[in-house]
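Me: I'm new to this one. Could you take a close look at the aromatic rings and tell me how they pair up?

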Amino acid sequence: MKSSSALKPGYIPEIQGLRTIALLMVATFHIWFGRVSGGVDVFLLVSAYLLTRSLTAAVENGRGARLLPYILRKFARLLPAAVASILLAFGAALVVLSQRHWQEITEQAFAALTYTMNFWLQSNAVDYLAQARSTASVFQHFWSLSIQGQMFILWPIIHVVVALLSRHSVRRALLVVFTVIAVGSFAWSVYSVYMDQRVAYFDTGARLWEFAAGSIFALIAPSLRLSYRAKQLMTWIGLAAVLACGWVLPVESAFPGAAALWPVVAAGLVLVSADAPRLPDERGNRLLGHGALAQAGKYTYALYLTHWPALVLFAAVTGIERPNALQGLGILVVSAIASVLIYHLVEYPVARFTKNSLRQAVAIAASFALVALSVFGVRAYLGQALEEQQQQAEGIDHSAMGANVDPAQVFEDVYPGEVLTTTFASEPGENCAADDPYAAGICRDWGQVENPERSIVIVGSSHSAAMSAMLMEAIELFPTWHVRTYTSPGCFFHWPANNDWPDEVSDCSATWKMANQYILDRSPDMVFTIASLTSTDGGEQLFDGGGGSFVSWVDYLHEHTGTLVVGLRNNPRTDFDPLECASREGFDSESCTFETSLRMPGLSDYATAIHQAGGVLVDLNDRICPDGICRPAQGGLVTFVDNSHIAEDYARSLAGHFGAELQAYAPWYPADPWR
């Protein structure tokens, strides 16, 4: 987001004032209100407005739009300040955050440098609305800078191509091109928000219309003939609407769809009223043109770069997701100091240095080199540490750790170590064959697919996948067995009575529907899933209501296939991340533990009903949370990888307890995989 303070031909103070106000909205909403203001959308619009205004004027004045010099000049001004903030945030994150996050931090830093952070966030399914500040990326705010950087390459290309093809009517031709882009992108934006707003929020294609709108405003502004009163009225209405956007609209959960028309139109009113032709003695808007906003505007780009890392690192250190008024002021002050330093030590001196294309290229190359060297240096360290910890992993004895030792036993080290990424288990095996008629959701096969000695189906949510490691610790001893998994994130048990599925189902239901069809056709020896649903407030739901209850499903499958259905009681959840807490305060900190109920009304009757239907309910929560106390690590193994998923190695340590529970129902299943 380009910073500009020097008065120059065509400079419009009101635009700088609008940009300054929008930036302050972004920072204050992030810090104090935990909301999204819509200010970023104003930035995107203003960037396109100024870019089109400049390039179109150059063509119409006979100078032409020179593509490479323009791009070099633009990034020579943007990158150095961005790199300064990347290096500051990168270094602070390495100090504050556990080494288990360092690999991801290097990926994010490189994505920020290369203007691809929005793609990184999309590929990692980041939910802008649901995520906690303490676990958010310190580079997440680069999503908008990335889209802007992409446009600073694409937009000049469009201008140059159109100028070459339409020398005498370039403004009209550009208006047609940007209108087509705006309509197409807006339609895609509305559709993609409807389909998956989390992905759409960071999508370049869904944001193009905001840039196109800015260009359209720039193209029509010179032809508008507006009275002084009309301009003032438009400015005040637009400014009021911009300020109200974050309060009136659920920006973070509705943008960039139709709701984003609000800030786009509001900012457009301000822009065209400021840039429309004026009479010689006509004054602009006093508030937006005030010198204080212009002076503050020098630091807005750097403030945008620094406020988000300061907020995230504050949350990571303190565990405080929403700072109070005084804490928020401290974050803002620290961010402001950093932004002033970046402007005076980096942004302004580099701008003075890069007076020609050669120097601009040097500034860009040096910027890339500084971040690249830092990233590769950290990765080299991680590679060596990872190799050492992987050697340690070869000596892990799950039978003598985790759930198999006295919870009071003290281990000097906790595994996995900080460098290894602590995760829950992924589905075992390989993806189902492309032509598999039963494929749905995350479908994977492990072991001997054709004529296996034993066959097992694992179905359900990510919790089923997490606990699959408990089964695989034993099953991996039998390569002639076959395991098929059907999972879908967040997709806990549901089933219509008598397996009567509608023709049209959701992706989650399609997973369960196809898993049921596979079970009915193949009659596996065992089906494993999660048989209850816990919540972060300590509650727990048993799937025992209505005709499509868990008991009815067990009875249906047992009657039609004779398959043993094994339902595992869901593990406890909490409203914080025990592992992140332990990274800050230590694994022995009581503040990183939480309590759970090992007994609940109706659980015994539920288990009895499942048994009578031909299945079994297994409850291992007393092994996960002995005496009702859930800890971030037990028996030398990390227990929880987040607020709800059991770590893979701890799940493997439960294998013997799980097998012992199954012996009475499945004598063929090993009671002790380590014997």
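Reply: Here's a walk through the ring pairs, with one pair up close. Bear in mind that this is a predicted model, where local features need pLDDT of at least 70, side-chain atom pairs count only at pLDDT 80 or more, and totals for chains, interfaces and linings use all residues. Residues are numbered from 1 along each chain as its sequence is written, and side-chain values use heavy atoms, with hydrogens and water left out.

Searching the whole structure turns up 35 aromatic pairs. Rings of Phe, Tyr and Trp (its six-membered ring) pair if their centres lie within 6.5 Å; planes under 30 degrees apart are stacked, over 60 edge-to-face, and the rest tilted. Take Phe493 and Phe543: their ring centres are 5.6 Å apart and their planes sit at 45°, so this pair is tilted. Phe493 is in the loop between strand E4 (482–487) and helix H17 (507–522), while Phe543 is in the loop between strand E7 (540–542) and helix H18 (550–561), so the pair ties together parts 50 residues apart in sequence. (Helices, H or I, of at least four residues and strands, E, of at least two are DSSP runs, numbered from the N terminus.)

What about cover? Phe493 is buried at 7% relative accessibility, and Phe543 is buried too, at 8%. Buried means under 20% relative accessible area, exposed over 50%, and partly exposed in between, with a 1.4 Å probe and protein chains only.

Elsewhere, ring pairs join Phe478, Trp481, Phe528, Phe658, Trp668 and Tyr669 into a cluster.
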